[in-house]
Amino acid sequence: MEFRQLVTLKSIIEKGSFTGAAEEMGYTQSTVTSHIQALEQFVGAPIFDRMGRKVILTDVGQRVMEHASVMLEEYKKIQNLHNLNGEITGEIKIGAPESVTVYHLDKILKTFREQYPYVKISLLNINCSEIQNQLISSEIDVGFMLIRNPKKDIQRIKLIEEDLALIGLPEKISTFEQVTDGHWDECLITNEKGCSYRTDFENYLKEKQITPAHVMELWSIEAIKRCVMSGLGIAFLPIVTVEREIQDKQLAVIPYPDQIAPMPLFVGHHKDKWVFPALQKFLEISNRHFTVISV
């Protein structure tokens with residue numbers, strides 16, 4: 001077994017295919033295939049079930065990946081033992097939901113890159129549930145999570161509380177008052193399942209025994225906002241994502257009873273993860289950013 005075979009294995013899992021791993025690593029697909037074949041020969045069992053274009057880890061493959069994650073983590077520690085010309089080096093893999101990426105992370109990354117230009121940064125936009133899963137599996141180093149109850153395996157810092165709002169066109173400001181016998185003649189435009197604030201609002205409607213006439217699921221906050229501004233429906237979003245549109249009177253906050261509490265925003269990593277120098281500096285800059293805006 002060679003160490004690069006484990007690196008290839010991790011890349012296939014992250015990219016979801018042999019082709020994606022080959023593109024990421026600069027290999028031919030035949031090279032990626034040969035790495036996995038050699039690894040399978042070493043462990044004496046198949047690592048992937050190949051189902052068309054999809055690759056799924058076998059039980060043996062899952063156990064191999066558990067050990068590989070530990071070895072790759074140790075590799076990262078060795079990689080960070082020295083500095084480049086006195087500068088902090090390494091790589092940070094970050095997971096963040098869209099609202100954090102678009103409305104906060106650009107400023108954090110700009111500051112970090114200015115101070116630590118030799119650190120490679122990878123950013124993955126995924127929902128908060130998946131961020132927790134990938135922190136626990138060590139697929140990412142650090143994650144931003146809009147979530148009420150982070151899993152116990154995650155060491156986290158609370159950064160801020162994001163206000164949440166029901167939003168629509170200004171002329172729809174009284175739409176929630178028009179709910180009749182639990183029926184709400186409105187289209188709820190929302191993002192993907194697994195989003196924490198979507199889950200909050202769905203639970204709220206269930207508790208109040210309210211059913212919207214339609215639910216439309218979209219792929220991005222920007223798409224949701226544009227549909228709401230076109231009059232297609234209403235949405236439940238972090239207020240930070242719609243502040244400009246509210247100020248410009250393109251959108252308005254719709255009052256509703258027993259409002260949902262603000263959502264905590266955490267930054268965190270696996271509790272057993274080594275906080276290497278680049279990651280420590282990133283956590284410090286993230287914390288400073290939110291300390292400033294919350295003052």
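This short talk covers one cavity and one pair of packed helices. Keep in mind that the model is predicted.

Let's start with the cavity. How many cavities of 30 Å³ or more does a search of the whole structure find? One. The largest cavity holds about 50 Å³ of space.

Which residues line the largest cavity? From the 180s and 190s of the numbering, look for Leu188, Ile189, Thr190 and Arg198. Then add Phe201, Glu202 and Phe236. Two elements each give two or more residues to this lining. They are strand E8, residues 183–190, and helix H7, residues 196–207. Now sort the lining by class. Four residues are nonpolar, one is polar and two are charged.

Next, the helix pair. Find helix H1, residues 3–15, and helix H3, residues 29–43. Their axes lie 9 Å apart. The packing angle is about 115 degrees. Angles of 65 to 115 degrees count as roughly perpendicular, so H1 is roughly perpendicular to H3. Is the crossing left-handed or right-handed? For H1 and H3, left-handed.

Where do the two helices touch? On the H1 side, the contact uses Arg4, Gln5, Leu6, Thr8, Leu9 and Ile12. On the H3 side, look at Val32, His35, Ile36, Ala38 and Leu39. What classes make up this contact of H1 with H3? Seven residues are nonpolar, three are polar and one is charged.

To recap: strand E8 and helix H7 each give two or more residues to the lining of the largest cavity. And H1 crosses H3 in a left-handed way.

Key. Residues numbered from 1 in each chain as written. Predicted model: local features only at pLDDT ≥ 70, side-chain atom pairs only at ≥ 80, totals over all residues. Heavy atoms only, no water. 1 Å grid on protein atoms, 1.4 Å probe; cavity = no way out; pocket = protein on both sides within 12 Å on 5 of 7 lines; lining within 4 Å. Points joined across faces, edges and corners; volume = space filled by probe spheres on them. Helix = DSSP H or I, 4+ residues; strand = E, 2+ residues; numbered from the N terminus. Nonpolar A, V, L, I, M, F, W, Y, C, P; charged D, E, K, R; others polar. Axes fitted to C-alpha atoms, helices over the stretch in contact; angles between N-to-C directions. Parallel < 35°, antiparallel > 145°, perpendicular 65-115°, else oblique. Left-handed = near helix turned anticlockwise from the far one by under 90°. Contact = heavy atoms within 4.5 Å.
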